[in-house]
Amino acid sequence: MSQHTASASLPGVPVLSEEVAEALSRRAPVVALESTIIAHGLPRPRNLAVGEELEALVRSEGAVPATVAVLDGVPYAGLDKAQLERIASGEGVRKLGHRDLAPALARGATGATTVSATAFLAARAGLRVFATGGLGGVHREWAQSQDESADLALLSRTRITVVCAGVKSILDVPATLQRLETLGVGVLGYRTRRFPGFYLADSGEPVDWSVERPEEVAGVMAAQDALGGPESALLVANPVAETEQLDPELHDRVLAEALAVCREQGITGQAVTPFLLGFLVRATDGASLEANLAAVRGNVRLGARIAGAWAAWA
Ligand code: PSU
Ligand code: MN
């Protein structure tokens with residue numbers, strides 16, 4: 001019943017798991033994880049195992065995982081086993097961007113949070129580091145669809161560090177980088193001067209700033225705070241290892257097919273990203289899934305190390 005009471009009073013700040021609350025109170029490292037990748041970005045039943053594996057990975061690096069989701073209208077940071085299972089089941093689990101949070105809370109809905117909703121709720125909960133796969137961004141053929149992920153605008157006004165393998169290569173990567181520049185979102189290449197391409201180690205685009213160690217990221221975060229000003233995010237772009245990336249030729253071929261089918265079938269809006277990701281998994285016989293997972297694992301591990309360096313900073 002406690003959930004129901006909480007829902008009736010519409011809590012805007014996420015309910016913390018005991019473990020997360022305890023870690024925050026002693027300023028121990030915590031890493032926020034999103035749930036859309038689990039509910040809508042990965043095929044079942046593998047997705048539940050991945051969700052659990054990512055949490056274990058955070059712990060193995062000495063940090064506490066805080067998977068973010070909305071259950072029965074209540075936002076959470078840190079899920080128990082049953083809650084994670086519910087998100088992974090996908091049944092009645094909506095995809096919630098930042099703008100969907102208010103109606104979801106008011107209606108008592110259940111949903112997985114995208115980067116925009118996760119970053120927002122994590123920051124509300126006092127978390128500073130968030131690890132994900134690839135950010136949303138500007139879709140190809142933007143001129144027709146005007147489809148730009150809400151991730152970008154939200155990150156321009158949220159003080160959080162997001163570890164990602166760049167933006168999904170299904171997007172218009174140069175246009176997305178341009179938008180990040182316009183929006184004032186800082187980008188650091190992690191041990192690279194090339195912006196990663198999610199399934200690929202290199203998107204073909206350069207990055208202006210590159211760091212070698214988690215402590216350097218914490219230093220940039222501290223400098224952001226010292227400067228004050230607009231509460232923008234910091235992206236840490238961490239490439240998938242070249243040995244684990246998707247074969248670039250296969251990638252380009254299959255992506256062209258996926259985009260064509262998406263266009264033919266008239267798929268738009270929130271459905272575009274899950275459709276393209278799913279198409280790639282099938283058309284590459286699961287190879288894109290392995291590259292996706294390798295990228296996410298690397299980001300989660302690095303996120304935990306950055307959270308550790310950040311906790312040690314002050
Ligand atoms: N990265 C992944 N898999 C995903 C996503 C990112 O490896 O499923 C999700 C993230 O939650 C991101 C969302 O915020 O896709 C972007 O969706 P859209 O393009 O509809 O904004
Ligand atoms: Mn979109």
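**Annotated residues, pockets and the cavity**

Q: In this predicted model, is E34 buried or exposed?
A: The relative accessibility computed for E34 is 8%, and the cut-off for a buried residue is under 20%. Because 8% falls within that class, E34 counts as buried.

Q: Which feature does UniProt place at E34 and K168?
A: The UniProt record, an unreviewed entry, gives one feature name for E34 and K168. That name, taken from the record, is "active site".

Q: Which of these annotated residues does the lining of the largest cavity include?
A: The UniProt feature covers E34 and K168, and the residues that line the largest cavity include L33, I37 and I38 beside one of the annotated positions. Of the annotated residues, the one included in that lining is E34.

Q: Between which elements does the loop that holds E34 lie?
A: E34 is placed in a loop, with a strand at 30-33 and a helix at 36-41 on its two sides. The elements that bound this loop are β2 and α3.

Q: Which backbone nitrogen does the side chain of E34 reach, and at what distance?
A: Leaving out residues up to four places away in sequence, E34 touches T67, V68, T113, T114, V115, T118, F130, A131 and T132. Its side chain also reaches a backbone nitrogen, and the partner and separation are I37 at 3.2 Å.

Q: Is K168 buried or exposed?
A: K168 is found in the loop between β8 (161-164) and α10 (173-183), and, not counting residues up to four places away in sequence, touches G134, L135, G136, V173, F198, T273 and L277. The relative accessible area of K168 is 10%, against a cut-off of under 20% for the class. K168 is therefore buried.

Q: Which residues are the closest to the centre of the largest pocket?
A: The largest pocket has a volume of about 620 Å³, and 34 residues line it. Elements giving two or more residues to this lining are α3, α7 (115-124), α9 (150-155) and α13 (272-283), while by class the lining divides into 9 nonpolar, 17 polar and 8 charged residues. The closest to the centre are K95, T114, S149, D151 and T273.

Q: Which element gives the largest share of the lining of the second largest pocket?
A: The second largest pocket, with a volume of about 410 Å³, is lined by 19 residues, and L177, E181, V185, V187 and D208 lie nearest its centre. Two or more residues of that lining come from each of α10, β9 (186-190), β11 (200-206) and α11 (214-227). The largest share, 5 residues, comes from α10.

Q: How many nonpolar, polar and charged residues are in the lining of the second largest pocket?
A: The lining of this pocket is made up of 19 residues, which can be divided by class. The division is 11 nonpolar, 5 polar and 3 charged.

Q: How much space lies in the largest cavity?
A: A search of the whole structure finds 1 cavity of 30 Å³ or more. Its lining takes at least two residues from each of α3, α4 (46-60) and α14 (287-313), with the largest share, 3 residues, coming from α4, and by class there are 7 nonpolar, 3 polar and 2 charged residues. The space in the largest cavity is about 60 Å³.

Methods:
Residues numbered from 1 in each chain as written. Chains lettered and ligands numbered in written order. Predicted model: local features only at pLDDT ≥ 70, side-chain atom pairs only at ≥ 80, totals over all residues. Heavy atoms only, no water. UniProt positions renumbered as here; feature names shortened; annotations may be inferred. 1 Å grid on protein atoms, 1.4 Å probe; cavity = no way out; pocket = protein on both sides within 12 Å on 5 of 7 lines; lining within 4 Å. Helix = DSSP H or I, 4+ residues; strand = E, 2+ residues; numbered from the N terminus. Buried < 20%, exposed > 50% of the residue type's maximum accessible area, 1.4 Å probe, protein only. Contact = heavy atoms within 4.5 Å. Polar contact = N/O pair within 3.5 Å; in protein donor to acceptor, adjacent residues only side chain to side chain. Points joined across faces, edges and corners; volume = space filled by probe spheres on them. Nonpolar A, V, L, I, M, F, W, Y, C, P; charged D, E, K, R; others polar.
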